[in-house]
Amino acid sequence: IAMKIFITGSTGFVGKNLVEFYSLRGHTVYPYRRTENLARALNDFAPDAIINSGAEIYDPALMFEANIVLTQTCIEYVKRHDTCRMVQIGSSSEYGPTDHATSESTPLKPVDVYQATKGAASLMCQGWARQFGLPIWIVRPYSVYGSGERDRRLFPALYRAFVHNQPMTLYQGYHDLIYIKDFVRGIDCVLNEWRPSPGEIFNFGSGVQTSNFELLDLFEKVQGHRAPVAKISVLSKPFEHTTWVCDTSKTTKLGFKCDYDLETGIKDFLMKAKYDRTIN
């Protein structure tokens with residue numbers, strides 16, 4: 001059944017992929033941009049579903065407005081129109097640094113403004129959904145990669161190093177990497193296939209932790225050559241941890257499995273990256 005889907009953060013990495021995914025499947029998509037009046041745009045479009053992928057990641061001064069106020073406006077719309085469903089895209093960083101795989105029941109322990117504002121938005125969604133019985137659900141992705149990432153991100157930097165011989169510095173780091181196509185499919189499962197309870201949370205990752213240096217080795221394997229990458233064996237940020245991996249038990253029980261392992265995802269990313277102007 002064709003739906004009207006309102007997507008915030010439509011110019012971002014995840015948002016662009018969501019717009020493409022649902023448009024290609026015959027749904028009517030409203031690609032919301034932050035310069036518009038959100039409440040007016042929602043009322044005018046009257047969506048069947050909202051996917052809130054809008055967020056501020058880098059500037060703490062903008063995070064309250066972008067990560068909390070925007071979410072609250074979406075929640076209030078669903079409260080007034082409870083036939084509209086909503087998926088809130090949170091972040092695995094809400095859990096803060098841990099020494100174990102994080103599950104949907106892991107307590108939130110944010111250590112910076114981004115983690116705190118994203119965690120607050122998730123709690124708002126849970127609270128409103130549970131009190132009023134609203135169809136609002138939270139998905140928390142781990143390290144999503146793929147076509148359309150911002151220029152400053154790790155995968156575009158590795159692409160430039162391997163394809164254009166552009167030197168880069170690679171700090172050590174640890175991720176649970178999930179390909180964008182798998183994550184978007186997971187969002188669609190929450191929205192259209194599963195029947196979650198109000199405020200339910202779903203984590204999406206591969207369940208496998210990969211270090212930056214292991215990722216570099218895999219790029220070398222796929223490309224068949226080395227690149228001008230200087231490795232630095234320390235973490236780049238003081239709050240980063242040597243453990244960052246998803247406990248996939250819940251989504252696995254629901255039948256979700258990633259279609260792309262990391263090597264296959266890298267190959268698909270490299271193929272699509274040839275046509276992505278942001279990294280050429």
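This tour moves through two sheets, the helices that lie against them, and the cysteines.

What is open in the viewer is a predicted model, in which local features need pLDDT of at least 70 and side-chain atom pairs count only at pLDDT 80 or more, while totals for chains, interfaces and linings use all residues. Residues are numbered from 1 along each chain as its sequence is written, and side-chain values use heavy atoms, with hydrogens and water left out.

**Stop 1: the parallel sheet**

Start by selecting the 6 strands that form an open sheet in the order β2-β1-β3-β4-β5-β9, with parallel pairing. Strands here are DSSP runs of E with at least two residues, helices are runs of H or I with at least four, and the numbering starts from the N terminus; two strands pair if DSSP finds at least two bridges between them. At the edges are β2 (28-31) and β9 (201-204), each of which pairs on one side only. Neighbouring strands of this sheet are turned by 20 degrees against each other on average, direction ignored; axes are lines fitted to C-alpha atoms, for helices over the stretch in contact, and angles run from 0 to 180 degrees between N-to-C directions.

Next, select β3 (49-52), from which A49 and I51 point one way and I50 and N52 the other, all of them buried, a word that stands for under 20% relative accessible area, as against over 50% for exposed and partly exposed in between (1.4 Å probe, protein chains only). In a regular strand the side chains alternate between the two faces of the sheet. Strand β1 (residues 4-8) runs parallel to β3 and is joined to it by 4 bridges, with I7 opposite I51. Likewise, 4 bridges join β3 to β4 in parallel, and here I51 stands opposite V87.

Moving to the β9 edge, select strand β5 (residues 136-141), which pairs with β9 in the parallel sense over 4 bridges, and find P141 opposite F204 of β9. Then add helix α6 (residues 180-193), which packs on the sheet and touches β3, β4 (85-89), β5 and β9, its direction making about 145 degrees with that of β4; contact means heavy atoms within 4.5 Å.

**Stop 2: the mixed sheet**

Now select the 3 strands that form an open sheet of mixed pairing in the order β6-β8-β10. The edge strands are β6 (143-145) and β10 (209-211), each pairing on one side only, and neighbouring strands are turned by 55 degrees against each other on average, direction ignored. Strand β8 (residues 174-179) pairs with β10 in the antiparallel sense over 3 bridges, and the bridge partner of Y174 in β10 is S211. Helix α9 lies across β6, β8 and β10, running at about 65 degrees to β8.

**Stop 3: two packed helices**

Keep α9 (residues 262-273) selected and add α7 (residues 212-223): the two helices pack at an angle of about 60 degrees, with their axes 10 Å apart. Among the residues making the contact are L218, F219 and V222 of α7 and I266, F269 and L270 of α9.

**Stop 4: the cysteines**

Finally, select the cysteines, since the structure holds 0 disulfides, a disulfide being a pair of cysteine sulfur atoms within 2.5 Å. Why does C125 form no bond with C74? The sulfur of C125 is 8.4 Å from that of C74, its closest cysteine sulfur, which is too far for a bond, and C125 counts as buried because its relative accessibility is 0%. The sulfur of C246 is likewise too far for a bond, at 8.8 Å from the closest cysteine sulfur, in C258, and C246 is buried at 3% relative accessibility.
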